[in-house]
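Please open the model in your viewer and keep the selection tool at hand. The stops below move from one chain to its partner and then to the nucleic acid.

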2 protein chains.
Amino acid sequence: MPGIKDVAERAGLSIATVSRALSGKGNVSARSRERARNAAAELGFVLSYHASSLASGRNHNVGVVVPSVHRWFFSSVVEGVSATLLDAGYDLTLYNVSGGQERRHSVLNDFLLRKRVDAVIAVSLELSEAEIQQLLAIHRPIVGIGGPLPGASTIRIDDSGIAQAAARHLIQLGHSKIAHMTGDAAYEQDFRLPGTRQAGFKKAMNDAGLAVRPEWQISADFTIQGAYASARCLLGSSVERPTAVFAASDEMAIGTILAARDFGLRVPYDLSVIGIDGHELGEVFGLTTIDQDARGQGALAVRRLLDGLDGGTDTEAADTEFPTHFVIRSSTAVPPADPAPAR
Amino acid sequence: MPGIKDVAERAGLSIATVSRALSGKGNVSARSRERARNAAAELGFVLSYHASSLASGRNHNVGVVVPSVHRWFFSSVVEGVSATLLDAGYDLTLYNVSGGQERRHSVLNDFLLRKRVDAVIAVSLELSEAEIQQLLAIHRPIVGIGGPLPGASTIRIDDSGIAQAAARHLIQLGHSKIAHMTGDAAYEQDFRLPGTRQAGFKKAMNDAGLAVRPEWQISADFTIQGAYASARCLLGSSVERPTAVFAASDEMAIGTILAARDFGLRVPYDLSVIGIDGHELGEVFGLTTIDQDARGQGALAVRRLLDGLDGGTDTEAADTEFPTHFVIRSSTAVPPADPAPAR
DNA sequence: CTCACAGCTGCAAGCGCTTCCAAGGTACAT
DNA sequence: ATGTACCTTGGAAGCGCTTGCAGCTGTGAG
């Protein structure tokens, strides 16, 4: 394998000049630059990243920590991150910590800290105070997506606001019997997001003077199948049925729709359903939702990071609210005419 | 940040001895080893991977090339790979090449070849002869999952066999009007898998003396939404309706089920549907399928790789057929009684 | 008692780059 | 003509490890 030395020889230049020519840093005459480039191309030379990193202290590698690439939101974000990173010539080291506390711990300790990444993107990771300190201590830019990350920059959507908007949409259609499917305990612990959306929901309900009935507050694990099971319980039970369900994610909304169909309920005539996400499947189900462009969030995170990395200036922590947009499809409509309006 | 030098000083040993003690290679007295370990622990020392890799030529990093982490199969495999790799102390560099030819090209050239990975796992990537040569040329172990990779080890399921099994299942139930939903052209180009499954289907049909009707051969892009659209065309058209559909993936099977429901068809009474994959959603739809444990395939690939890496022996290319198992649920049943048996 | 050998250890030479520094060249102002 | 400033270039010192080699010690055999 050719090294920079070979390139230098072939180009009739010194190693130093070749290095400068290829990296684009430092002043090199156009002639030298071209010579170096040609020689490199002819030899099929590629920099050794290890050597380069060791010498320069930079890695061209960012670590991405996600709870599970298997989930819609996370894999969407990773795609956005990956594409942007690749284009910028960076590597992406993936830390999929679905294994639980233990693995996650070892990731933070053994991997991230080993000076191998220039920056880290933490997706929806609820880190402990100590973990955050650890991360900040290695003095690398960090950006968090979809979760709070005190001390680091974050990109997030207005969870509370969009939850309110979703609920209001239902309310404005005339619904008053609105159920909310939120994330369950396991999720809450890690992501906190369910709570925020729930709060938004409650606020909208309160603002409208509507009661939040506890039996209509159900939860699931953010998957279609989990929501399906939960929704079946709700819809199949003897308690009064809501006329609308606001699910904290599209997958849960879809699970709800599937459950509704099982009971012969027509969406939206018998039951309106709204979600949050902008999941690809939304179209199949005519799901009204709030699109959060997860890919875009990933891309933005990278740009933030790269700006900081190149600029060199220690950009202080900034919170960016990522825009979302309402997508109205056919899963929401006016509530069914109440046979006996309780008034 | 403490370096190995600091550890050496603190332990009262030479750098060389500390290096040997910590890496476990070479002969070191128990006493020295312990001292080195303690000193390292006290200082919170972690090896610099770049320096270590540069000096040793090993990276402790494997590259994983996938078409898109956003898809069920790929993200499942990545999860399996990630978990196994992390446990072994390896990093995983993700190359998500969903951007198309161009990005994929740059990945192969600029990234993989930069000596940064010890090995590569290529998931369902149909590489050109030249690309394969490139990969093999860098002399790193490669294992392919779910796609042919001439010259490299591969892990794959018996696509043709399970397709036959799926079709036979339908045939044995009494179906003769069987449609097949395969992957569409875009996929075929990259993965070849659709063709293999299709061949299996045809073989089973031929063996049973059944006709493969072209109008019942439809295709989609392996997604629920794509299959949904395709299935709607099939089921909504004026051509005679099949009594069963064999979809080349669970997601496509689910899309088919959703389409069937739209037309008021009951699965399995009016239409049987079978898929392949073992998708989590299968349960919600009562989908009969053939489980291929994608995660397990990922884990196995890593073990293969690591064996080769540690053993050092150039293990020659081996094809491993990964076991699958039939999961019978409620989406398949005997065909509806034919009002006018055409005989 | 001597010798061969094996187990430990430290020295030092890199791994393949980046970058500081100083030297040489050129252009322009004095 | 001389000085100054700037651009360009090469030499060489590392970046933080790994590892070949040689020296040193202690052991058991001869």
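The tour that follows goes through a predicted model, selection by selection.

Begin by selecting chain A alone, where 13 helices and 12 strands can be displayed as a cartoon. Turn the C-alpha trace along its principal axes, and you will find that it spans about 90 × 40 × 30 Å. The radius of gyration of chain A is 25 Å, whereas a compact globule of 343 residues would have one near 20 Å. If you colour chain A by burial, 52% of its 343 residues count as buried; and if you draw its contacts between residues at least 6 apart in sequence, 71% of them join residues at least 24 apart.

Next, add chain B and select the contact, to which chain B gives 43 residues and chain A gives 42 residues. On the side of chain B that touches chain A, the elements giving two or more residues include helix H4 (49–56), strand E2 (91–96), helix H6 (101–112) and helix H12 (250–262) of chain B. Which element gives the largest share of this side? That is H5(B), with 7 residues. Coloured by class, this side of chain B shows 19 nonpolar, 14 polar and 10 charged residues.

Finally, select DNA strand D with the 27 residues around it, of which Asn27(A), Ile4(B), Ala16(B), Ser19(B) and Ala55(B) come nearest. Helices H2 (15–23) and H4 (49–56) of chain A, together with H2 (15–23) and H4 of chain B, each supply at least two residues of this surface, whose residues divide into 13 nonpolar, 12 polar and 2 charged.

Notes: Residues are numbered from 1 along each chain as its sequence is written. Chains are lettered from A and ligands numbered from 1 in the order in which they are written. This is a predicted model: local features need pLDDT of at least 70, side-chain atom pairs count only at pLDDT 80 or more; totals for chains, interfaces and linings use all residues. Two residues are in contact if their C-beta atoms, placed from the backbone, lie within 7 Å. Helices (H or I, at least four residues) and strands (E, at least two) are DSSP runs, numbered from the N terminus. Ala, Val, Leu, Ile, Met, Phe, Trp, Tyr, Cys and Pro count as nonpolar, Asp, Glu, Lys and Arg as charged, and the others, Gly among them, as polar. A residue is near a molecule or strand if its C-beta atom, placed from the backbone, lies within 6 Å of it. The radius of gyration is taken over C-alpha atoms; the globule rule is 2.2 Å times the number of residues to the power 0.38. A residue is buried if 20 or more other C-beta atoms lie within 10 Å of its own, exposed if 12 or fewer, and partly exposed in between; C-beta atoms are placed from the backbone.
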